[in-house]
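Let's take a friendly walk through this structure together, with an eye on where charged side chains sit and what they meet. Have your viewer ready and follow along from stop to stop.

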Amino acid sequence: MAEELSDFIEASGLLEYDPKAIDSIYKKNPVRLLRRLWQTLLPIGLFLLGVGWEKLIGSLEKNERKILRAKEFTKLLVDLGPAFIKAGQALSTRPDIVPPTVLEELAQLQDQLPGFESNLAMACIEQDLGDSIDNIFIEIDKEPISAASLGQVHRAKLRSGEKVAVKIQRPGLREQITLDLYIVRNIAIWFKNNIGIIRSDLVALIDELGRRIFEEMDYINEANNAEKFKELHSKNINIAVPKIYRKATSRRVLTMEWIDGIKLTNIEAVKKLGISPNKMIEIGVSCSLQQLIEHGFFHADPHPGNILAMEDGRLCYLDFGMMSHITQQSRVGLIRAVVHLVNRRFDKLSNDFVQLGFLSEEVDLKPIAPAFESVFTNALEIGVNKMDFKAVTDDMSGIMYKFPFKLPPYYALIIRSLITLEGIALSVDPNFKILGAAYPYFARRLMEDENPELRNSLKEMLFDENSLKLERLDDLLSSATKEKQL
């Protein structure tokens with residue numbers, strides 16, 4: 001018992017993800033590790049045996065069996081706890097690792113768990129903030145309004161009278177996460193050393209996941225993200241970000257302004273505010289593209305509960321635990337790839353993927369360009385404005401699984417962000433096309449940006465062997481004008 005307590009204390013003191021430190025904790029005192037291994041590896045092993053047997057007898061070839069097994073796998077991850085839920089969410093954006101059927105199920109993985117006892121939540125607040133509940137709040141709801149894998153949110157009112165939302169971390173979360181990451185990482189090491197068909201570096205993927213989870217568990221980091229996001233969008237009159245109350249915030253407690261708003265998926269309630277749901281979606285798409293292409297600092301988890309329509313017509317972003325950066329070079333590369341896609345230069349598009357870090361320079365691109373052509377030709381025939389983003393990404397997933405792609409972490413989060421945003425938009429407008437909504441923004445960037453590489457991309461877009469494409473110029477001008485009106 002003393003050894004387990006030692007593990008608990010050491011793990012709780014880890015403020016950053018450190019595989020070596022975690023390794024040393026559980027190698028010294030293996031009792032708790034062995035218990036957790038039994039709890040995790042037994043159900044995982046039984047599941048894999050079942051899948052292996054079905055593959056052997058051929059029943060797994062049937063599509064309905066694949067879907068059923070994918071659903072069982074997703075449920076298993078939820079049952080195993082927070083680290084496995086986060087691992088599943090990370091895998092849901094990795095078509096280079098996961099087969100399309102499993103990818104589809106993992107994309108629906110909900111990060112929702114039952115709340116924990118209110119007395120534990122109140123004790124966490126008092127311990128972290130170093131004061132009694134009564135000295136911090138006039139009132140605080142004992143029952144949470146929402147709960148996820150890392151924490152839960154309570155409605156409260158500060159002594160100053162301001163209404164706030166208080167996010168409180170699950171008790172013992174850091175200890176449970178470190179133990180599960182240790183187990184998952186060692187499983188990844190075994191796969192890397194023994195299963196040759198997996199080309200992506202699973203250990204690097206787990207390490208990236210570990211770093212992101214540790215960032216999410218640090219609510220001071222989330223507070224910093226929220227304030228940075230607010231500053232970057234301070235000139236955008238359509239965007240709101242809740243105020244952070246630093247005196248009532250710590251690594252395990254986050255106190256922010258209470259926002260009265262409506263989920264965009266609640267269409268009738270949004271309309272009752274006198275607001276057009278479609279206008280809200282346009283603002284959201286424009287803001288997402290601004291995050292990706294202008295600021296390089298983007299919200300990677302824009303699910304329906306994290307984006308609210310406010311009575312004054314603004315769109316409010318919540319929950320800044322999962323943010324990511326994209327370099328200027330990658331931002332330019334993404335726009336250049338869009339130009340080559342529109343121009344149907346699939347050979348150059350293949351090279352763009354090398355420049356963006358999806359393919360190594362040693363990869364033979366000859367078979368990849370025709371694969372791109374087979375995916376995009378039909379979609380381009382109907383025009384970018386009508387292109388089905390989900391269908392295209394599904395087809396791309398098949399290519400990335402077939403060929404030696406390795407997805408950079410930022411790209412996986414971009415796709416997750418855009419697919420989530422498109423899902424919200426489709427609930428508002430079944431005919432919504434995110435690429436059509438995004439095209440005006442790309443057009444404006446091409447027309448206005450002084451970056452030399454984008455100047456060359458604009459020339460590529462408008463000229464064909466020194467002949468000006470008047471229709472393309474007219475299309476770019478009208479699209480750029482439309483985006484400016486937002």
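Our starting point is Glu-105, a buried residue with a relative accessible area of 11%; burial here means a value under 20%. Keep in mind as you look that the model is predicted. Glu-105 belongs to helix α6, which covers residues 100-106. What does the side chain of Glu-105 make a polar contact with? Its partner is the side chain of Lys-71, at 3.4 Å. If you set aside the neighbours within four places in sequence, the residues in contact with Glu-105 are Ile-67, Ala-70, Lys-71 and Thr-74.

From there, turn to the pairing of helix α3 (residues 31-57) with helix α4 (residues 63-80). Their axes lie 11 Å apart and make an angle of about 180 degrees. Angles over 145 degrees count as roughly antiparallel, and α3 and α4 are therefore roughly antiparallel to each other. On the α3 side, the residues that meet α4 are Arg-36, Gln-39, Thr-40, Pro-43, Ile-44, Phe-47, Gly-50, Val-51 and Glu-54. On the α4 side, Arg-65, Arg-69, Glu-72, Phe-73, Leu-76 and Leu-80 take part. Sorted by character, the residues of this contact are seven nonpolar, three polar and five charged. Some of these names come back in a network of salt bridges, which links Glu-54, Arg-65, Arg-69 and Glu-72.

That network brings us to charge pairing in general. Side chains of opposite charge can pair when their charged atoms come close. How many salt bridges does the model hold? The count comes to 22, and three of them make good stops on our tour.

Take Arg-252 and Asp-128, a salt bridge whose closest N and O atoms are 2.6 Å apart. Arg-252 sits in the loop between β5 (239-240) and β6 (253-257), while Asp-128 is in helix α7 (residues 118-129), so this pair ties together parts that are 124 residues apart in sequence. Arg-252 is partly exposed at 23% relative accessibility, and Asp-128 is partly exposed too, at 25%.

Next door in sequence, Arg-251 forms a salt bridge with Asp-218, and here the closest N and O atoms are 2.5 Å apart. Arg-251 is in the loop between β5 and β6, and Asp-218 is in the loop between α10 (202-217) and α11 (219-232), so the pair joins parts 33 residues apart in sequence. Are the two partners buried or exposed? Arg-251 counts as partly exposed at 33%, whereas Asp-218 counts as buried at 12%.

The remaining pair on our route is Asp-260 with Lys-163, where the closest N and O atoms are 3.9 Å apart. Asp-260 lies in the loop between β6 and β7 (261-263) and Lys-163 in strand β4 (residues 163-169), so the salt bridge ties together parts that are 97 residues apart in sequence. Asp-260 is exposed, with a relative accessible area of 53%, and Lys-163 is partly exposed at 46%.

We finish at Glu-208, in helix α10. Glu-208 is buried, with a relative accessible area of 18%. A polar contact of 3.3 Å joins its side chain to that of Arg-211. Along the chain, Glu-208 and Tyr-17 are 191 residues apart, and their C-alpha atoms are separated by 9.3 Å.

How values were computed:
Residues numbered from 1 in each chain as written. Predicted model: local features only at pLDDT ≥ 70, side-chain atom pairs only at ≥ 80, totals over all residues. Heavy atoms only, no water. Salt bridge = Lys/Arg side-chain N within 4 Å of Asp/Glu carboxyl O. Helix = DSSP H or I, 4+ residues; strand = E, 2+ residues; numbered from the N terminus. Buried < 20%, exposed > 50% of the residue type's maximum accessible area, 1.4 Å probe, protein only. Polar contact = N/O pair within 3.5 Å; in protein donor to acceptor, adjacent residues only side chain to side chain. Contact = heavy atoms within 4.5 Å. Axes fitted to C-alpha atoms, helices over the stretch in contact; angles between N-to-C directions. Parallel < 35°, antiparallel > 145°, perpendicular 65-115°, else oblique. Nonpolar A, V, L, I, M, F, W, Y, C, P; charged D, E, K, R; others polar.
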